Amino acid sequence: MGLKTSTLTFEERCEKSLNDTQMQAALKKAQDSQWIKREASRADMGDWEEWRKLGQEIRQHTLNHLPDYLEMFAENVQKQGGHVLFAQTEEEAREYVKEITLAKNAKKIVKSKSMVTTEVGLDPMFVEMGLEVIESDLAEFILQMDNWDEPSHIVFPNIHKDRYQIQKIFENLGYEGSSEPEEMAKFARKVLREHFLSADIGITGCNFAIANNGMINLVTNEGNADLVIAIPKTQIVLMGMERIVPSMKEAEVLDSLLCRSAVGQKLTSYVTFAGKKVDEESDGPEDFYVIIVDDNRSNALGTQFQEMLQCIRCGACLNVCPVYRHIGGHGYGSIYPGPMGAVLSPILGGYEEFGDLPYASSLCGACTETCPVKIPLHNLLIAHRTVMADELKRTSKMEQFGMKMTATVTGSAPVFKFVEKVDHAGSAMMATQKEPAIENLYNHGGYLTKAPAIAKNWTDYRDLPRPPKAKDGFREWFKRHKAEKGGK
């Protein structure tokens, strides 16, 4: 699949998503329920803002000393008999995995959920090589069985599907049960268990790598990652170069922030620290490989976008975003959707492919407010827009014309006063009469429904009231109010 998930334009993706009422209903329900669980679990920690500050300090310290901690981690993995490979590009990462797979003469690969393996496009490579590959995370398994459907959330990949759709997918695998989630989960467990036992290689991601002991930290709720690690003789770990902490002490803090922010739990069911099998152990990989992936992450180091590398992939920003609530993950066209994806995707994939995403935001700041490691997401979205407008000159001629007109109108008092006097009458041809409703109490004689060009998307999906008559505007009201108060 890779970083880019769609060949449609941003407008086409949004149009498709806005017509998917089932997806929108599922997202609303999930966002609302996650809010309750997330806020309750955070409150249990006491002063949540102090914990956020601590998480931010850990991530910033690590990024500021990233080469040192990566070197320390690599040395400790190698001391235990493991192997560390550095991949500057996604092509290098795939080539490393391909070489290991061929050297082991592997026929079956079992994977746990990993954004980085999707980012670098491992699954298509395995299919092209004629190997059998199985996604073992339940949600990812469902998507794979649905002809490799695209994920729509970084924590809940199949959030856009309901139980009846999943039932039909499983029926293609021989399932004959009901649509009850428990019954379908038991079926999936039975199917997956056979794959765990017969896999030649296990592949996982990495929530955090522990620099001072060479272990990897995985956080899951299903235990599938533990089986991916424990049973196959060879394990390959792919991790983004920034996913590292100095020691277990910092991992403990970030795991707590991650679990509470991602799923509203104090801790997930499985918090695993693993590495190469040692002599006393009865299970675990005999060959242990860690591939550390750059894939343009280093471009953000030392820039205004370095703070994005603090991200711990909790998905909390998606769960509060009003734009994500309406267009879902597929609207972004990246495996990283929502506010975090709108910032990260242009860093990894460039503005040519993902330049629309920083504009997929109302800049309400809810994402920044909820981020457990205090990434200023809405400020970084503005920074992307600034780069595209000022440095790359990517704004359209229509937008440039609109901004110049706005500057002319607002920069001249006589012109602004004239517009105030005629805007109500001038908008009549684009307005339709409606009774004032709870959706918009400030109705000044109808709603604009046929606005042209740049304003069209507003009137297509929102109530946009006509401007008030000049005598009813704020400035005229303020003059009258001031006069009534004796000029005070």
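**Exercise 1. Place R297 in this predicted model, decide whether it is buried or exposed, and find which side chains its own side chain meets in polar contacts.**

Step 1. In the chain, R297 belongs to the loop that runs between β10 (287–293) and α13 (322–327).

Step 2. The relative accessibility of R297 is 1%, and because buried means under 20%, R297 counts as buried.

Step 3. The side chain of R297 makes a polar contact with the side chain of E119 at 2.9 Å, and another with the side chain of E242 at 3.0 Å.

Step 4. When neighbours within four places in sequence are left aside, the residues in contact with R297 are V116, E119, G240, M241, E242, L309, R313, Y336 and L348, so that both polar partners, E119 and E242, reappear in this list.

**Exercise 2. R313 is one of the contacts of R297; where does R313 lie, what is notable about its phi, and is it buried or exposed?**

Step 1. R313 is found in the loop between β10 and α13, which is also the loop that holds R297.

Step 2. The phi of R313 is near 60 degrees, a positive value in a residue other than glycine.

Step 3. With a relative accessible area of 10%, R313 is buried.

Step 4. For a second case, take L363, whose phi is likewise near 60 degrees and positive although the residue is not glycine; L363 sits in the loop between α15 (351–354) and α16 (366–370), and with a relative accessible area of 28% it is partly exposed.

**Exercise 3. Describe the largest nonpolar core: which residues touch the most other members, which helix gives the most to it, and which domains does it draw on?**

Step 1. The largest nonpolar core has 62 residues, and those that touch the most other members are F305, M308, Y332, Y336, M340 and I375; of these, Y336 is also in contact with R297.

Step 2. Helix α12 (residues 248–262) gives the most to this core, contributing seven residues.

Step 3. At least three residues of this core come from each of domain 1 (1–46 + 315–395) and domain 2 (48–136 + 200–300).

Step 4. Taking M308 as an example, and not counting residues up to four places away in sequence, M308 touches M340, V343, L344, I347, I375, L377 and L380.

Step 5. A second core, separate from this one, has 22 residues, among them V77, V84, A225 and I292.

Step 6. As background, nonpolar side chains in soluble globular proteins tend to be buried together.

**Exercise 4. Into which domains is the protein divided, and how many residues does each side give to the contact between domain 1 and domain 2?**

Step 1. The division is into domain 1 (1–46 + 315–395), domain 2 (48–136 + 200–300) and domain 3 (413–485).

Step 2. Between the C-alpha centres of domain 1 and domain 2 there are 24 Å, and the contact takes 23 residues from domain 1 and 27 residues from domain 2.

**Exercise 5. How many aromatic pairs does a search of the whole structure find, and what is the geometry of the pair formed by F141 and F170?**

Step 1. The search finds eight aromatic pairs.

Step 2. The rings of F141 and F170 lie 6.2 Å apart, centre to centre, with 50 degrees between the planes, and the pair is tilted.

Step 3. This pair links distant parts of the chain, 29 residues apart, with F141 in helix α8 (residues 138–145) and F170 in helix α9 (residues 163–171), and both residues are buried.

Step 4. W477 and F478 form another tilted pair, at 6.5 Å centre to centre and 50 degrees between the planes; here W477, at 41% relative accessibility, counts as partly exposed, and F478, at 40%, counts as partly exposed too.

Step 5. Ring pairs also join F141, F170, Y175 and F187 into a cluster.

**Exercise 6. Over which ring does the charged end of R243 sit, and what does R38 touch?**

Step 1. The charged end of R243 sits over the ring of F208, 5.7 Å from the centre of that ring.

Step 2. R38, a residue of helix α2 (residues 21–43), has 0% relative accessibility and therefore counts as buried.

Step 3. Not counting residues up to four places away in sequence, R38 touches R260, S261, G264, A316, N319, V320 and T370.

How values were computed:
Residues are numbered from 1 along each chain as its sequence is written. This is a predicted model: local features need pLDDT of at least 70, side-chain atom pairs count only at pLDDT 80 or more; totals for chains, interfaces and linings use all residues. Side-chain values use heavy atoms; hydrogens and water are left out. Helices (H or I, at least four residues) and strands (E, at least two) are DSSP runs, numbered from the N terminus. Buried means under 20% relative accessible area, exposed over 50%, partly exposed in between (1.4 Å probe, protein chains only). A polar contact is a pair of N or O atoms within 3.5 Å; within protein, one must be able to donate a hydrogen and the other to accept it, and residues adjacent in sequence count only if both atoms are side-chain atoms. Contact means heavy atoms within 4.5 Å. A nonpolar core is a set of buried Ala, Val, Leu, Ile, Met, Phe, Trp, Tyr and Cys residues joined through side-chain atoms within 4.5 Å. Domain bounds come from an automatic or database domain assignment. Rings of Phe, Tyr and Trp (its six-membered ring) pair if their centres lie within 6.5 Å; planes under 30 degrees apart count as stacked, over 60 as edge-to-face and the rest as tilted. A charge sits over a ring if NZ of Lys or CZ of Arg is within 6 Å of the ring centre and within 35 degrees of the ring normal.
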